[in-house]
Amino acid sequence: MAKSTAWPSRPTPHTSLTPHPDTDTMDQLTTLQTEAEARIAAADSLEELSQQEVEFLGRKGKVAGLMRLIPTLTPEERPTFGQRVNGVKNRLTAALEARRGVLQAHDTARRLREEAVDVTRPGRVPAVGRRHPLTLTFEQVADILVGLGFRQVDGPEVEDYAYNFAALNFQEEHPALDEQASFYVTERLLLRTQTTALQGRVMPALTPPFRIFTLGRCFRYEAVDETHYHTFHQVDAFLVDRKATLADLKGTLAAMARELFGADVTVRFRPDYFPFVEPGVEIAVKLPHRWMEIGGAGMIHPNVLRHVGIDPTEWSGFAFGLGLDRMPMVRYGIRDIRLLFENDLRMLRQF
Ligand code: FA5
């Protein structure tokens, strides 16, 4: 008779079973059942329950261990014992299932509690960015010019002296060059000082009549103050047609100014000198206490047209270049140009 020490035997004598297998073995079975039922009932997680399932009912589990005792019993004892073991096995299986049901219900209830969404709580407002006042200005200016029939073309920020100055009728040693003090990258290349540089780049490939504009960053090596920065933005537009006149230029600029600054804006044109226009004007808009210069303009100089292969006796054109940074300054009363470039959110959030 095998004596197993794995199970503490309890003094619960069996009386009802005939024929009667070895009391010790039957004791082990009873002990196993009692212990297993208690532990299953006490399991408080599905994980623990799975471990118990393996421990008691698994292929190498304790019930299977008792089954292996069958060969040690007498042939008469075997059927009774076998039935008892099967009975225990069925009871434990049922107990496991019942406990699993309870724990699953707990689990579901807990998840429902934890993952509950209170739809009555106020929502979180996502932080939405805003467009920079300069971006807004670029878009508006581009919209106006497209509406007036101009086509947008981009040019490089690192520009050739030939386009930034020479093609625009600047004479070497002329004081006009000093006015656009430049950042040179090499002997020939510089950071463009004016978007007007695009004229010489694109006009040779164009057949008049045409209307072009460009918009972008410019750079000048000059003292920074409230209205001047080393980096700023310009829009340049130019038109070449059979009979373009200064009146067309003024009409175009006045229309733009009304769109940008309101119908009652006062625009001032005063004679000015730029080597690439003749005559040339300076454009200013009236602010409450002063005038603010926003750009220059004029009729394209015959030398510029000739340089790109356009006959100035047959064609004429106008051109204007406006500083874009000063526009939001005028519109929103921003007193210092540097505020536009500091990216201080307290400033930018106001737009
Ligand atoms: C020019 O740059 C000419 N290319 C404009 C032009 C185009 C004239 C076509 C005729 C025909 P000016 O140097 O004045 O001109 O500059 C034009 C505008 O750019 C100025 O009125 C100003 O609004 C802006 N600007 C110039 N320098 C700066 C700077 N350092 N900081 C901010 N804005 C500037």
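Visitor: What makes a residue in the shell around the ligand polar, charged or nonpolar?

Guide: Asp, Glu, Lys and Arg count as charged, while Ala, Val, Leu, Ile, Met, Phe, Trp, Tyr, Cys and Pro count as nonpolar; the others, Gly among them, are polar. In this predicted model, the shell around the ligand has 10 nonpolar, 10 polar and 5 charged residues.

Visitor: How do you know which residues surround the ligand?

Guide: A residue qualifies if one of its heavy atoms lies within 4 Å of the molecule. The ligand has 25 such residues around it, and the closest are Gln 194, Thr 196, Arg 220, Tyr 229 and Glu 293.

Visitor: Why is the approach of Gln 194 to the ligand called a polar contact?

Guide: The cut-off is 3.5 Å between N or O atoms. An N or O atom in the side chain of Gln 194 is 2.6 Å from a nitrogen atom of the ligand, so the pair counts.

Visitor: What makes the backbone of Ile 294 and of Gly 295 count as well?

Guide: For Ile 294, a backbone N or O atom is 3.3 Å from an oxygen atom of the ligand. For Gly 295, the corresponding value is 3.1 Å, again to an oxygen atom of the ligand. Both pairs are within 3.5 Å and therefore are polar contacts. Taken alone the ligand exposes 670 Å², of which the protein buries 95%.

Visitor: Which strands supply at least two residues of the shell?

Guide: Strands E5 (231-241), E8 (291-300) and E9 (316-323) each do. The largest share, 5 residues, comes from E8.

Technical notes:
Residues numbered from 1 in each chain as written. Predicted model: local features only at pLDDT ≥ 70, side-chain atom pairs only at ≥ 80, totals over all residues. Heavy atoms only, no water. Polar contact = N/O pair within 3.5 Å; in protein donor to acceptor, adjacent residues only side chain to side chain. Areas by Shrake-Rupley, 256 points an atom, 1.4 Å probe, with all protein chains shown as cover. Helix = DSSP H or I, 4+ residues; strand = E, 2+ residues; numbered from the N terminus.
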